[in-house]
Amino acid sequence: MRPAARFAPETIWSAPGRVNLIGEHTDYNDGFVLPFALDLRVRVAAARRADGRVVASSAQAPGEDGEALVAALDPAAAARGWLAYPFGVVWALRALGPVCGVDLVVDGVVPAGSGLSSSAALECAVACAVAELSRLALSPVEIALACRRAENDYVGVPSGAMDQLAAMCCTAGHALFLDTRTLAMEQVPLDPAAAGCVLLVIDTGHPHSLTSSSYADRRRSCEEAAKRLGVRALRDVTEPELGAALAALGDEVLAGCARHVVTENARVLEAVHLLSAGRLRELGPLLHASHASLRDDLEVSAPLLDLAAETAEDAGCLGARMVGGGFGGSVLVLADAAAEAVIREAVTAAFARRGFEAPAVVEVVPSDAARREDVAELAPRG
Ligand code: GLA
């Protein structure tokens with residue numbers, strides 16, 4: 001771990017970033033999602049403190065260390081910057097039982113602002129470590145929901161629960177089919193190599209930020225559309241009902257929201273069906289349609305996301321779509337393994353032609369959820 005912990009860690013936890021295969025902007029509409037965990041993880045080394053304080057530092061935020069009394073944490077006077085995440089988690093866990101003082105040292109390799117959910121990875125790794133040290137017996141779902149509460153009520157981002165549930169519940173070699181209303185889950189096999197494919201993430205370098213107002217705007221519009229249609233959430237509109245619902249809404253923005261959510265939920269169900277039948281390669285058109293819907297109906301894409309997705313399509317991938325909250329961040333590409341080099345070159349060249357820096361392109365492999373790491377190996381007591 002870097003930086004060297006100034007305390008002897010009692011425990012180390014790590015949690016992964018995630019990519020959502022399909023089912024974007026559906027989680028806050030009670031809909032379906034299909035994320036998988038990345039092999040990019042945030043690690044947190046932690047030890048109890050006797051003075052009831054939480055003291056946190058991060059290798060990714062040098063000079064931004066912070067501390068607070070656990071009992072005094074309050075969303076009305078929330079910490080700013082990265083500290084809002086660990087402090088928010090400690091605040092949220094307090095509602096579930098007594099929380100001890102803790103030292104926390106964070107080191108992570110999930111790029112921030114890439115739409116890969118570095119914030120949920122940080123939240124979940126912190127929550128697991130603090131829950132263990134405080135002897136709170138919490139299930140992975142309880143931890144995920146506490147982290148979502150931290151993000152919603154302490155950090156102030158009105159996100160759904162997909163990212164935290166992915167960080168806590170995914171398993172290697174699978175995508176997590178999650179019904180965000182009932183929290184019913186199913187592990188769906190996702191093995192690109194066995195299908196002769198690769199999954200690539202293109203980080204456009206144009207950061208997305210959920211704290212910008214656009215994500216909250218979309219959420220409000222979806223809620224308004226559901227209200228006008230007299231349903232609890234847009235998830236309750238079925239595909240056959242969509243035409244009548246759009247006519248009833250009569251407002252272009254609200255109709256776009258409804259069309260995106262209803263069609264995206266249907267695409268998730270179709271994707272689960274294909275994956276369960278071992279037909280990963282046939283997911284391409286669903287990814288393509290998802291991107292078009294996010295771009296044209298929900299209007300959460302961005303020029304560089306469109307450029308990356310379109311270039312990958314032109315270079316012969318099976319399907320490509322923006323992932324995460326949108327307005328920047330990353331694109332997921334499903335491609336035949338033999339096409340990987342051509343796609344990488346095409347995307348780099350397309351960005352260069354328009355004067356943009358080469359985007360980072362990484363192959364991603366469906367990985368495990370949060371886990372306890374071996375303290376002896378990672379941070380020997382000094
Ligand atoms: C962000 C949010 C999630 C979800 C996605 C869009 O990642 O944190 O809850 O809404 O955007 O699918």
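How many of the 11 residues of helix H1 (residues 84-94) are buried? In this predicted model, helix H1 is mostly covered, with 10 of its 11 residues buried. The buried positions run through Ala84, Tyr85, Pro86, Phe87, Gly88, Val89, Val90, Trp91, Ala92 and Leu93. These buried residues pack against elements of both kinds, namely the strands S4 (53-58), S5 (66-69) and S6 (101-108) and the helices H2 (118-133) and H3 (140-155).

Two of these partners, strand S6 and helix H2, also frame the position of Ser117, which is found in the loop between S6 and H2. Is Ser117 buried or exposed? The relative accessibility of Ser117 is 9%, and because residues under 20% are classed as buried, Ser117 counts as buried. When the neighbours within four places in sequence are left aside, the residues in contact with Ser117 are Gly17, Arg18, Val110 and Asp163.

At the level of the whole chain, the secondary structure comprises 11 helices and 13 strands. The radius of gyration is 21 Å, which is close to the 21 Å that the globule rule gives for 382 residues, so the chain is as compact as a globular protein of that length. The C-alpha trace spans about 60 × 50 × 40 Å along the principal axes of the chain. Of the 382 residues, 58% are buried, and, among the contacts with a separation of 6 or more, 73% are made by residues 24 or more positions apart.

With regard to the surface, the chain exposes about 14,900 Å², of which carbon and sulfur atoms supply 53%. The chain carries 33 positive and 49 negative charges, and the mean positions of these two sets are 5 Å apart.

The chain is divided into two domains, with domain 1 covering residues 11-186 together with 367-373 and domain 2 covering residues 191-364. The C-alpha centres of domain 1 and domain 2 lie 24 Å apart, and the contact between them takes 35 residues from domain 1 and 45 residues from domain 2. Both helix H1, at residues 84-94, and Ser117 carry numbers that fall within the 11-186 segment of domain 1.

Conventions. Residues numbered from 1 in each chain as written. Predicted model: local features only at pLDDT ≥ 70, side-chain atom pairs only at ≥ 80, totals over all residues. Heavy atoms only, no water. Buried < 20%, exposed > 50% of the residue type's maximum accessible area, 1.4 Å probe, protein only. Helix = DSSP H or I, 4+ residues; strand = E, 2+ residues; numbered from the N terminus. Contact = heavy atoms within 4.5 Å. Rg over C-alpha atoms; globule rule 2.2 N^0.38 Å. Areas by Shrake-Rupley, 256 points an atom, 1.4 Å probe, with all protein chains shown as cover. Lys, Arg positive; Asp, Glu negative; His and termini not counted. Charge placed at Lys NZ, Arg CZ, Asp CG, Glu CD. Domains from an automatic or database assignment.
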